[in-house]
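The dialogue below concerns how to read the features of a protein model. A learner puts the questions and a teacher replies.

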Amino acid sequence: MDPEQARRLITDEPSYDWGFGEGRSCSLCGANIAYQDDRDRHTRWHRALAELLGLGWEDLSRQQPADPALAAAVDAVVHPRGLRRLSRIATASEPWRAIPDVPLGAHGTVTLLLGAPGVVVARSAGAGRVEVRRGVVHVGGHRTALADELRAAVGHVRTTLGRGRHREPAVCGVVVAPDGLEGGDPEPPTVLGASADGLADRLALLPEALGYGELEALHDVARRSTTWGG
Ligand SMILES: [Zn+2]
């Protein structure tokens with residue numbers, strides 16, 4: 001077996017074919033799994049093997065976010081309150097999930113938000129007045145390359161999460177301005193802009209793009225450190 005193929009077989013988290021909500025066969029080794037309990041035990045067995053061989057992965061969705069301002073904006077998306085929460089229940093759309101501080105190498109560190117519209121790559125503009133002029137993000141009166149950097153990060157995330165799937169997922173970026181934002185989206189539809197308070201409302205306007213079971217599968221891949229070369 002090709003070593004890269006072998007490494008992937010060990011480091012990947014298994015998934016189980018959907019068959020009326022019950023797992024049937026392991027995506028990695030093909031073992032036949034009849035019950036939920038067996039499935040949990042089988043997943044742990046795969047993880048233990050990866051651990052033992054020094055190829056284990058870290059669950060990025062469990063880490064503490066490093067940027068408190070961005071984390072608060074993201075929390076309002078993942079845990080909607082009041083009317084926003086009620087409207088989500090009424091439309092029965094899937095709740096958003098967040099993965100903080102995903103290391104994208106040369107593309108910097110981003111927070112990933114996964115929901116029915118697809119994947120949103122979020123980066124904070126940092127403190128200061130944020131203004132979008134002719135597609136360029138200005139922070140504290142200075143031009144920045146934030147929109148271009150984010151567009152490159154979006155491309156990287158789309159390619160990485162699209163690997164091994166029949167089509168690439170819908171991915172866009174959002175510049176989050178903790179102290180408010182003027183001027184709208186830097187480069188729609190690839191890169192959007194939102195104030196920290198307005199992030200949940202901005203994302204609520206995105207059209208749904210993922211099919212049944214796709215969000216779960218994407219989240220499984222995106223939260224593994226090994227997906228991003230960790
Ligand atoms: Zn297996």
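The turns that follow go from the whole chain to its sheets, its core and one annotated span.

Q: What should be read first, and how many helices and strands does the chain have?

A: One begins with the kind of model and its overall dimensions. This model is predicted. The chain holds seven helices and 11 strands. Along the principal axes, its C-alpha atoms fill a box of roughly 60 × 40 × 30 Å. The radius of gyration is 19 Å, which agrees with the value near 17 Å for a compact globule of 230 residues.

Q: In what order do the strands of the open sheet of four lie?

A: The order is read across the sheet, from one edge to the other. Here it is 8-7-6-10, and the pairing is mixed. Strand 8 (142–143) and strand 10 (181–182) are the edge strands; each has a single partner strand, so one side of each lacks a neighbour in the sheet. Strand 6 (residues 130–133) and strand 7 (residues 136–139) are antiparallel and share four bridges. Within this pair, Glu131 has His138 of strand 7 as its bridge partner.

Q: In which sense do strand 9 and strand 11 run, and why is strand 11 described as largely enclosed?

A: Direction comes from the pairing, enclosure from the count of buried residues. Strand 9 (residues 171–177) and strand 11 run parallel and are joined by five bridges. Val174 is placed opposite Leu192 of strand 11. Strand 11 (residues 191–195) has four buried residues out of five, so the rest of the structure largely encloses it.

Q: Which residues have the most contacts inside the largest nonpolar core?

A: In soluble globular proteins, nonpolar side chains tend to be buried together. In this chain the largest nonpolar core has 45 residues, and those with the most contacts inside it are Leu112, Leu113, Val119, Val121, Ala122, Val175 and Val176. Helix 5 (residues 146–162) contributes the most to this core, with seven residues. Leaving aside residues up to four places away in sequence, Leu113 touches Val74, Val77, Trp96, Ala98, Val120, Ala122 and Leu203. Over the whole chain, buried residues account for 29% of the 230 residues.

Q: Is Arg44 buried or exposed, and which feature does UniProt place at residues 26–46?

A: Exposure is judged by counting neighbours, whereas an annotation comes from a record. Arg44, in helix 2 (residues 36–52), counts as exposed because it has 11 C-beta neighbours inside 10 Å. The unreviewed UniProt entry places the feature "domain: C2H2-type" at residues 26–46. That span is 52% helix and 5% strand, and its end C-alpha atoms lie 10 Å apart.

Note on methods. Residues are numbered from 1 along each chain as its sequence is written. This is a predicted model: local features need pLDDT of at least 70, side-chain atom pairs count only at pLDDT 80 or more; totals for chains, interfaces and linings use all residues. Two strands pair if DSSP finds at least two bridges between them. Helices (H or I, at least four residues) and strands (E, at least two) are DSSP runs, numbered from the N terminus. A residue is buried if 20 or more other C-beta atoms lie within 10 Å of its own, exposed if 12 or fewer, and partly exposed in between; C-beta atoms are placed from the backbone. A nonpolar core is a set of buried Ala, Val, Leu, Ile, Met, Phe, Trp, Tyr and Cys residues joined through C-beta atoms within 7 Å. Two residues are in contact if their C-beta atoms, placed from the backbone, lie within 7 Å. UniProt positions are given in the numbering used here, feature names are shortened, and annotations may be inferred rather than shown by experiment. The radius of gyration is taken over C-alpha atoms; the globule rule is 2.2 Å times the number of residues to the power 0.38.
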